[in-house]
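Thanks for coming, everyone. I will take one structure and walk through it piece by piece. Have the viewer open.

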Amino acid sequence: MRVLVLNRFLLRFIPYSGYDTGDNELVLITSASGISPDPAQREKDLAGYARVVIVDNPLNSAEFEYQANLLHAEFGFGAVVALAEADLLTAARLRTRWGIAGQNWDATVPYRDKLAMKRVLSAAGVPVAPFARVDNVTDLLGFVDQVGYPVVVKPRRSSSSLGVRVLRDTADLEAFVGVDTPLRGDVPPDYLAERYIPNEMYNVDGIVTGGEVTLCWPSATTSCLGFADDEILLAAGLEPGEAWQVELVDLVRRTMAVLPTEAETLFHAEVFRTPDGRLVLNEIGCRMGGGKIWEQFLISFDIDIIAAHLRRLLGSRDPAPVTRTEPAPQTGWALMPPRPGTVTAVPADCPVPGIRHFDTGLKVGAELGRPQSSVDAIASFVAAGATRGEVQAALTAAAEWFYAELKLDEPVA
């Protein structure tokens, strides 16, 4: 079978051709940022494909989709593989237009469009925050009149908390509807408003294999909106039998049973726990979660969740790849948001016990600004320990060490 692959990730970490069963002909469209600048690694990155098309900046163009249609006229693809959230609807449009198997448009929209998602879930009795479509200021004022402050406004198809605002009072609302508001003009901005839910937050991640949820596990996490206040994003897996572990898994399984879930799927859900102990589904995506969830699952569950998923998509019918359904050891991860200034010294060799991985791409002389999203990070850590408390303590200590060792010349006011 001829397979089109749409890629935005580093190919040295996700070598699609290396997961092929050998029965397929793979054609790759990749962002230039996914290819190593090192000549030897670049050769490895691009090996095993019948054709490679490189796009400099796919987020600012429709080049991925345009090139895909040109290539289909030549190759006649029987499958499309896309892992990045930004490519899910593109891949769905292509499959639908070309009449090929896989996740089509109708099956993708409820996982990608937050308004469509919440309509389906609400109708099925899955708990979600009160919500409304917001196309203009009048819609937003009507929703505030209905539910009161605070409210959350967000793009329906964004990711990494981009464009999300919490409006706590009239002053916040007036600032939001001022200059450069997305609610201007007559073109609907595809926005959603929700009642703000005070919460403790959890991620729930896993894999569906052969139509069955074969791995599903929750992590307690800090707020995805904390980056606006320079807070680190930290997640730590719950322990087996810990409070809310079973209920979180049950809620996500119920959610996926309501949505049009494909037989081979990765998933990432966000769930709120309210002060009175209710669980509320915030959102769910049919893709791998961000941050360091891949590394977390590799250590805790002894599974390369991306490799397992891709092998199934590319035709492998090996038994379900999950051999461990509870974490051992406990793991977690943290992302360090940038702080404004010019880098004069970069931390190295983290000494904190329990840290399994420490990554930073910083170099002396780099100019840093304020973070723009929840995953805008200058460094990351993955920790392991016997308990969730040990993991959280290691990550907190590592963050303190990192910022103490990071040296910046502050920007001139």
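**Core, salt bridges and three sites**

Start with Leu310. Setting aside neighbours within four places in sequence, Leu310 is in contact with Ile14, Tyr16, Tyr19, Val81 and Leu83. A caution before going on: this is a predicted model.

Now the setting for that residue. Leu310 is among the residues with the most contacts inside the largest nonpolar core, which has 62 residues. Tyr16 is on that list too, along with Val252, Met256, Val271 and Ile284. Another core lies apart from it, with 24 residues. Its members include Ala236, Ile378, Ala383 and Phe402. As background, nonpolar side chains in soluble globular proteins tend to be buried together.

Next, the whole chain. How many helices and strands does the protein chain have? Eleven helices and 19 strands. The radius of gyration is 22 Å, close to the 22 Å from the globule rule for 413 residues, so the chain is as compact as a globular protein of that length. The C-alpha trace spans about 60 × 50 × 50 Å along its principal axes. Of the 413 residues, 51% are buried. Take the contacts between residues at least 6 apart in sequence: 67% of them join residues at least 24 apart. The accessible surface is about 18400 Å², and carbon and sulfur atoms account for 50% of that.

On to charges. The whole structure holds 19 salt bridges. I will show a few.

Take Arg93 and Glu65. They form a salt bridge, with the closest N and O atoms 2.8 Å apart. Why does this pair tie together separate parts of the sequence? Arg93 is in helix H3, residues 88-98, and Glu65 is in helix H2, residues 63-75, so the bridge joins parts 28 residues apart in sequence. Are the two partners buried or exposed? Neither label fits: Arg93 is partly exposed at 32% relative accessible area, and Glu65 is partly exposed at 23%.

Next, Asp135 and Arg133. Their side chains meet in a salt bridge at 2.9 Å, N to O. Asp135 is buried, with a relative accessible area of 17%. Arg133 is partly exposed, at 37%.

Now Asp359 and Lys292. This salt bridge has an N to O distance of 3.7 Å. The pair links distant parts of the chain, 67 residues apart. Asp359 sits in strand E16, residues 355-359. Lys292 sits in the loop between strand E13 (279-285) and helix H9 (293-300). On accessibility, Asp359 is partly exposed at 39%, while Lys292 is buried at 15%.

There is also a network. Salt bridges link Asp113, Arg156, Arg157 and Asp190.

Keep Arg156 and Arg157 on screen, and bring up Arg112. Where is Arg112? In helix H4, residues 105-112. Arg112 is buried, with a relative accessible area of 8%, so it falls under the 20% cut-off. Leaving out residues up to four places away in sequence, Arg112 touches Glu85, Ala86, Leu88, Leu89, Arg156, Arg157 and Ser158. Which backbone oxygens does the Arg112 side chain reach? That of Glu85, at 3.1 Å, and that of Arg157, at 2.7 Å. Look at Ser158 as well. Its C-alpha atom is 8.5 Å from that of Arg112, with their positions 46 residues apart along the chain.

Second arginine: Arg8. It lies in the loop between strand E1 (2-7) and strand E2 (25-31). A polar contact of 2.6 Å joins the side chains of Arg8 and Asp87. Asp87 is also one of the contacts of Arg8 outside four places in sequence. The others are Ser31, Ser33, Pro58, Leu59, Phe64, Ala84 and Ala86. Note Ala86: Arg8 is in contact with Ala86, and Arg112 touches Ala86 too.

Last stop, Ala328. This residue is in the loop between helix H10 (305-313) and strand E14 (330-336). Ala328 is partly exposed, with a relative accessible area of 42%. Beyond its neighbours within four places in sequence, Ala328 is in contact with Ile299 and Ser300. Measure across to Pro240 in your viewer: the C-alpha atoms of Ala328 and Pro240 are 9.7 Å apart, and the two residues are 88 apart in sequence.

That is the tour. Questions, please.

How values were computed
Residues numbered from 1 in each chain as written. Predicted model: local features only at pLDDT ≥ 70, side-chain atom pairs only at ≥ 80, totals over all residues. Heavy atoms only, no water. Core = buried A, V, L, I, M, F, W, Y, C linked by side-chain atoms within 4.5 Å. Buried < 20%, exposed > 50% of the residue type's maximum accessible area, 1.4 Å probe, protein only. Contact = heavy atoms within 4.5 Å. Salt bridge = Lys/Arg side-chain N within 4 Å of Asp/Glu carboxyl O. Helix = DSSP H or I, 4+ residues; strand = E, 2+ residues; numbered from the N terminus. Rg over C-alpha atoms; globule rule 2.2 N^0.38 Å. Areas by Shrake-Rupley, 256 points an atom, 1.4 Å probe, with all protein chains shown as cover. Polar contact = N/O pair within 3.5 Å; in protein donor to acceptor, adjacent residues only side chain to side chain.
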